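I opened this model to look at its empty spaces and its helix packing. My notes follow in the order I looked things up.

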Amino acid sequence: MGVTSESAPVSYEESLFNLLNNAIHIVESAGIPKENYSIEFDSDGIVMEFLGKTFFEPGSVKLTKDSENLVLQIGEELHSEKFKLFYIDVEGHTDDIPIKSKYYPSNWELSSARAIAVVKFLVEQGVPANRLAATGFGEFQPLDARTGEIANRRNRRIEFKLTQR
């Protein structure tokens with residue numbers, strides 16, 4: 001009499017925990033300093049926050065080389081079979097210093113364009129577009145309500161919100 005082994009389906013909670021651990025490993029392997037990111041659970045899933053300088057030069061929507069490598073690895077992970085149940089909302093946030101450029105007349109446009117740039121890159125890496133959303137919040141959802149450079153650095157960020165929807 002032989003023993004057969006069937007793998008039980010993984011629960012959402014177990015997938016969430018595995019994805020959190022994998023995301024932390026990816027970010028640590030990329031060499032991003034701990035003060036430039038946070039990855040944690042929230043009531044809906046996982047939130048991965050990256051300070052703006054990790055992803056973009058000031059006033060730009062072009063991903064830095066380091067951020068391209070990081071998003072590539074995150075995209076590969078999210079594209080794998082075991083994590084296909086997650087939806088990814090990429091949020092762009094800015095500080096409250098007004099921007100006036102030819103391309104981005106306000107921080108709202110800049111934050112939206114940055115979120116879209118990350119989403120487009122994920123799509124290029126094979127993550128299905130129907131699992132992605134891009135949202136720009138400008139300066140309207142600060143992490144730090146104080147004024148000054150420290151607050152501005154914390155408020156310039158990209159967030160990945162991973163949920164089951």
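Entry 1, cavity lining. I sorted the residues around the largest cavity by character and got seven nonpolar, no polar and one charged. The model is predicted, which I note here before going on. The lining residues are Leu-19, Ala-23, Ile-26, Met-48, Ile-74, Glu-77, Leu-78 and Leu-162. I then asked which elements give two or more residues to this lining. They are α1 and α3. Glu counts as charged, so Glu-77 is the one charged residue in the list.

Entry 2, cavity count and volume. How many cavities of 30 Å³ or more are there? I counted one. The space in the largest cavity is about 40 Å³.

Entry 3, the two helices. Since α1 and α3 both came up at the cavity, I looked up how they pack. Helix α1 covers residues 12-29 and helix α3 covers residues 65-79. Their axes come within 10 Å and cross at roughly 155°. Angles over 145 degrees count as roughly antiparallel, so α1 is roughly antiparallel to α3. I noted the hand of the crossing as right-handed.

Entry 4, the helix contact. Which residues meet here? From α1 I listed Leu-19, Asn-22, Ile-26 and Val-27. From α3 I listed Leu-70, Gln-73, Ile-74, Glu-77 and Leu-78. By character the contact residues divide into six nonpolar, two polar and one charged. I checked this list against the cavity lining: Leu-19, Ile-26, Ile-74, Glu-77 and Leu-78 are in both.

Entry 5, the largest pocket. I turned to the open space next. The largest pocket has a volume of about 280 Å³. It is lined by 17 residues, and the closest to its centre are Pro-58, Gly-59, Asp-95, Arg-114 and Arg-156. What is the character of the pocket lining? I found seven nonpolar, four polar and six charged residues.

Entry 6, who supplies the pocket. I looked for elements with at least two residues in the lining and found α2 (52-55) and α4 (107-124). The largest share comes from α4, with three residues.

Entry 7, the whole chain. I left the overall layout for last. The protein chain has five helices and five strands. Read from the N terminus, the order is α-β-β-α-α-β-α-β-α-β. I also took the span of the C-alpha trace along its principal axes, which is about 75 × 30 × 30 Å.

Terms used: Residues are numbered from 1 along each chain as its sequence is written. This is a predicted model: local features need pLDDT of at least 70, side-chain atom pairs count only at pLDDT 80 or more; totals for chains, interfaces and linings use all residues. Side-chain values use heavy atoms; hydrogens and water are left out. Axes are lines fitted to C-alpha atoms, for helices over the stretch in contact, and angles run from 0 to 180 degrees between N-to-C directions. Angles under 35 degrees count as roughly parallel, over 145 as roughly antiparallel, 65 to 115 as roughly perpendicular and the rest as oblique. A crossing is left-handed if the near helix is turned anticlockwise from the far one by less than a right angle, and right-handed if clockwise. Contact means heavy atoms within 4.5 Å. On a 1 Å grid over the protein atoms alone, a cavity is a set of points where a 1.4 Å probe fits but cannot get out, and a pocket is an open set with protein on both sides within 12 Å along at least five of seven lines; lining residues have an atom within 4 Å of a point. Grid points are joined across faces, edges and corners, and a volume is the space filled by probe spheres set on the points.
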